[in-house]
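Q: I should like to learn how to read the features of a structural model. May we go through one together?

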Amino acid sequence: VDAELKDDGSLEIITENVSRFAIDFSDNPDLQVPRNIIVDNQVVDTSSWEYPEVMQLAITDSGWIPCIYDVPKFGKSILSMGPIKRAYYQPFFIIAGQSGTLEQNELNMEIARDLANRWWYRANGLTQVFTDINILEPGKNLSNNLILIGGPDSNLLSAQFADSFPIRMEDDGIWLGDQWIEGGNLACQFVYPRPNFQEGSLVHCIWGNSLEGMRLSGGLTCLYSGSNLPDFLIYDDDVRMMGYAGVKAAGFFDNQWGLNPDYYYLRR
């Protein structure tokens with residue numbers, strides 16, 4: 001979107017690959033709401049807008065029209081969307097699974113501490129690390145996004161949410177919807193809406209179906225400028241030699257948080 005506010009009070013906008021957008025003047029009282037809006041060389045009729053300081057438009061077969069944006073009950077929106085890094089765009093808790101074996105618990109906590117240190121170093125921010133056991137205690141503030149470290153076999157929250165996710169982990173592989181990806185040392189990361197919670201809350205799952213898989217999963221982070229991790233990715237130690245060419249599956253969920261083959265890559 002390329003927008004220019006003209007001296008005569010009109011707003012000229014050029015778009016590419018956009019189906020819906022909003023213009024918000026409410027945070028800057030010094031700006032006058034434009035009298036005329038021209039989008040892609042089309043003059044848009046603004047007379048029907050009840051609250052012109054927040055203008056919303058959508059493309060139709062006949063051109064751009066005013067609209068009201070209804071947040072879907074379950075679907076991607078301006079409040080709830082990927083990629084993985086979006087889980088860190090608002091307050092979050094890191095949840096280290098401590099319900100597995102001693103080795104799993106130690107590795108999960110190591111990954112959690114490393115992630116918190118990276119957030120401190122790169123973002124100059126402090127975040128809290130909980131275990132899956134003490135986060136479930138009454139009185140804990142659970143309104144934040146959750147970073148779930150450890151799969152359903154070592155993290156109680158991962159196990160609680162597992163049936164709501166389109167990615168399911170087994171000891172000998174991972175289900176990506178109805179696609180079976182075989183492997184005993186797979187790493188898996190994905191972002192998804194937090195089940196049974198308010199719109200906009202996300203979970204970032206850092207899972208592995210073995211200790212080696214968890215080491216691989218915990219070693220890949222999005223906490224740096226220009227991170228290019230998508231909504232989900234599944235990989236094994238081929239990435240040590242091949243980089244992203246060794247990834248077994250990666251891509252984006254569709255607008256209903258479903259799996260559409262047009263939006264992801266699956267290595268055969």
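Q: Where in the chain is D40 found?

A: The model is a predicted one. D40 is found in the loop between β4 (36-39) and β5 (42-44).

Q: How should its backbone be read, and is D40 buried, partly exposed or exposed?

A: Most residues other than glycine have a negative phi, and most peptide bonds are trans. D40 departs from that pattern, with a positive phi of about 50 degrees although it is not a glycine. With a relative accessible area of 29%, D40 is partly exposed.

Q: What is the phi of W257, and where is W257 placed?

A: W257 has a positive phi of about 60 degrees, and it is not a glycine. Its place is in the loop between β17 and β18 (264-266). W257 counts as buried because its relative accessibility is 2%, and residues under 20% are classed as buried.

Q: Which peptide bond is cis?

A: The bond from G82 to P83 is cis, with omega near 5 degrees. P83 lies in the loop between β7 (63-66) and β8 (92-96).

Q: How many helices and strands does the chain have?

A: The chain has 4 helices and 18 strands. Its C-alpha atoms fill a box of roughly 70 × 45 × 30 Å along the principal axes. Of the 268 residues, 45% count as buried. Sequence separation is also informative: among contacts between residues at least 6 apart in sequence, 58% join residues at least 24 apart.

Q: How is the packing of two helices read, and at what angle do α1 and α3 pack?

A: One looks at the angle and the distance between the axes. Helix α1 (residues 102-123) and helix α3 (residues 211-218) pack at an angle of about 5 degrees, with axes 10 Å apart. Angles under 35 degrees count as roughly parallel, and therefore α1 is roughly parallel to α3.

Q: Which residues make that contact?

A: From α1 come E103, Q104, L107, N108 and I111, and from α3 come L211, M214, R215 and G218. By class, the contact has 4 nonpolar, 3 polar and 2 charged residues. The spacing can be read with a general rule: an α-helix has 3.6 residues a turn, so residues three or four places apart point the same way.

Q: Which residues of α3 are buried, and against what do they pack?

A: The buried residues of α3 are G213, M214, L216, S217 and G218. They pack against α1, β10 (145-149), β14 (187-193), β15 (202-208), β16 and α4.

Q: What surrounds T221, and is T221 buried or exposed?

A: T221 is found in the loop between α3 and β16, and at 13% relative accessibility it counts as buried. Leaving aside residues up to four places away in sequence, T221 touches L115, R118 and L229. A polar atom of the T221 side chain lies 3.0 Å from the backbone nitrogen of L223.

Q: How many salt bridges does the structure hold?

A: The structure holds 7 salt bridges. To read one, ask which side chains are paired, where they sit and how accessible they are. One of the pairs is R240 with E212, whose closest N and O atoms are 2.9 Å apart. This pair links distant parts of the chain, with R240 in helix α4 (residues 239-242) and E212 in helix α3, 28 residues apart. R240 is exposed, at a relative accessible area of 56%, whereas E212 is partly exposed, at 25%.

Q: What does the salt bridge of D236 with K248 tie together?

A: The side chains of D236 and K248 meet at 3.5 Å, N to O. D236 lies in the loop between β16 (232-235) and α4, and K248 in strand β17 (residues 247-251), so the bridge ties together parts 12 residues apart in sequence. D236 is buried, with a relative accessible area of 12%, and K248 is buried, with 16%. D237 lies in the loop between β16 and α4 and counts as partly exposed at 41% relative accessibility.

Q: Which residues are linked in a network of salt bridges?

A: E4, K6 and E12 are linked in this way. Within the network, the closest N and O atoms of K6 and E12 are 4.0 Å apart. K6 is partly exposed, with a relative accessible area of 27%, and E12 counts as partly exposed at 35%.

Key:
Residues are numbered from 1 along each chain as its sequence is written. This is a predicted model: local features need pLDDT of at least 70, side-chain atom pairs count only at pLDDT 80 or more; totals for chains, interfaces and linings use all residues. Side-chain values use heavy atoms; hydrogens and water are left out. Axes are lines fitted to C-alpha atoms, for helices over the stretch in contact, and angles run from 0 to 180 degrees between N-to-C directions. Angles under 35 degrees count as roughly parallel, over 145 as roughly antiparallel, 65 to 115 as roughly perpendicular and the rest as oblique. Contact means heavy atoms within 4.5 Å. Ala, Val, Leu, Ile, Met, Phe, Trp, Tyr, Cys and Pro count as nonpolar, Asp, Glu, Lys and Arg as charged, and the others, Gly among them, as polar. Buried means under 20% relative accessible area, exposed over 50%, partly exposed in between (1.4 Å probe, protein chains only). A polar contact is a pair of N or O atoms within 3.5 Å; within protein, one must be able to donate a hydrogen and the other to accept it, and residues adjacent in sequence count only if both atoms are side-chain atoms.
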